[in-house]
Amino acid sequence: QVQLVESGGGLVQAGRSLRLSCAASERTFSSYFMGWFRQAPGKEREFVAAISWSGGTTYYSDSVKGRFAISRDSAKNTMYLQMNSLKPGDTAVYYCARGGHYSDSSGYYYSPAAYDYWGQGTQVTVSS
């Protein structure tokens, strides 16, 4: 059973930074596409960022491009999301998820349906 555990969330003021971590239990972590999603109260889960199995290709939603950076450390089975210049609109529960095995799901990496395992989420709250 694959386990994904997020950490690093918290309450911060607008303009500050946070770094989220996602620790994976499996040794095959390095062969999977990985992603970050978020869900605000009353809204659908939305794509934030994704990274290829090698870490060489990254994708971002327009709302976070230029402010957030996704990365992974295969030696530690861990993925990260560096969030800078945070805004109140970034307030949500952030989830990490496992995507395709050596696959970007034919380009549908932005869809929650392309991911099969999810973490429990970590709350990020940005105050104005």
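1. Let's start with burial: of the 128 residues in the chain, 45% are buried. Here buried means under 20% relative accessible area, exposed means over 50%, and partly exposed lies in between, using a 1.4 Å probe and protein chains only. Please keep in mind that this is a predicted model, where local features need pLDDT of at least 70, side-chain atom pairs count only at pLDDT 80 or more, and totals for chains, interfaces and linings use all residues. Residues are numbered from 1 along each chain as its sequence is written, and side-chain values use heavy atoms, with hydrogens and water left out.

2. Now the overall make-up. The chain has 11 strands and 0 helices. Both are DSSP runs numbered from the N terminus: helices are H or I with at least four residues, strands are E with at least two. The radius of gyration is 13 Å, close to the 14 Å that the globule rule gives for 128 residues, so the chain is as compact as a globular protein of that length. That radius is taken over C-alpha atoms, and the globule rule is 2.2 Å times the number of residues to the power 0.38. The C-alpha trace spans about 40 × 25 × 25 Å along its principal axes.

3. Next, the surface and the contacts. About 6400 Å² of the chain is exposed, and carbon and sulfur atoms supply 46% of that area. Accessible areas come from the Shrake-Rupley method with a 1.4 Å probe; for residues, only the protein chains shown count as cover. Among contacts in the chain with a separation of 6 or more, 60% are between residues 24 or more positions apart. A contact means heavy atoms within 4.5 Å.

4. One sheet is worth tracing on your screen. It is an open sheet of 4 strands in the order 1-3-8-7, with antiparallel pairing. Two strands pair if DSSP finds at least two bridges between them. Strand 1 (4-7) and strand 7 (68-73) are the edge strands, each pairing on one side only. Strand 7 is joined to strand 8 (residues 78-83) in the antiparallel sense by 6 bridges. Ile70 has Leu81 in strand 8 as its bridge partner.

5. Ser21 is a good residue to click on in strand 3 (residues 18-24). Ser21 counts as buried because its relative accessibility is 16%. Leaving out residues up to four places away in sequence, Ser21 touches Val5, Glu6, Ser7, Trp36, Thr78, Met79 and Tyr80.

6. Strand 11 (residues 122-127) shows two faces: Thr122, Val124 and Val126 are on the covered one, while Gln123, Thr125 and Ser127 are on the uncovered one. Strand 2 (residues 10-13) runs parallel to strand 11 and is joined to it by 4 bridges. Strand 9 (residues 92-101) runs antiparallel to strand 11, with 3 bridges between them. Val124 in strand 11 stands opposite Gly10 and also opposite Ala92.

7. Finally, look at Arg98 in strand 9. Arg98 is buried because its relative accessible area is 7%. Its side chain makes a polar contact with the side chain of Asp116 at 2.7 Å. A polar contact is a pair of N or O atoms within 3.5 Å; within protein, one must be able to donate a hydrogen and the other to accept it, and residues adjacent in sequence count only if both atoms are side-chain atoms. Not counting residues up to four places away in sequence, Arg98 touches several residues, including Val2, Leu4, Tyr32, Phe33 and Tyr117.
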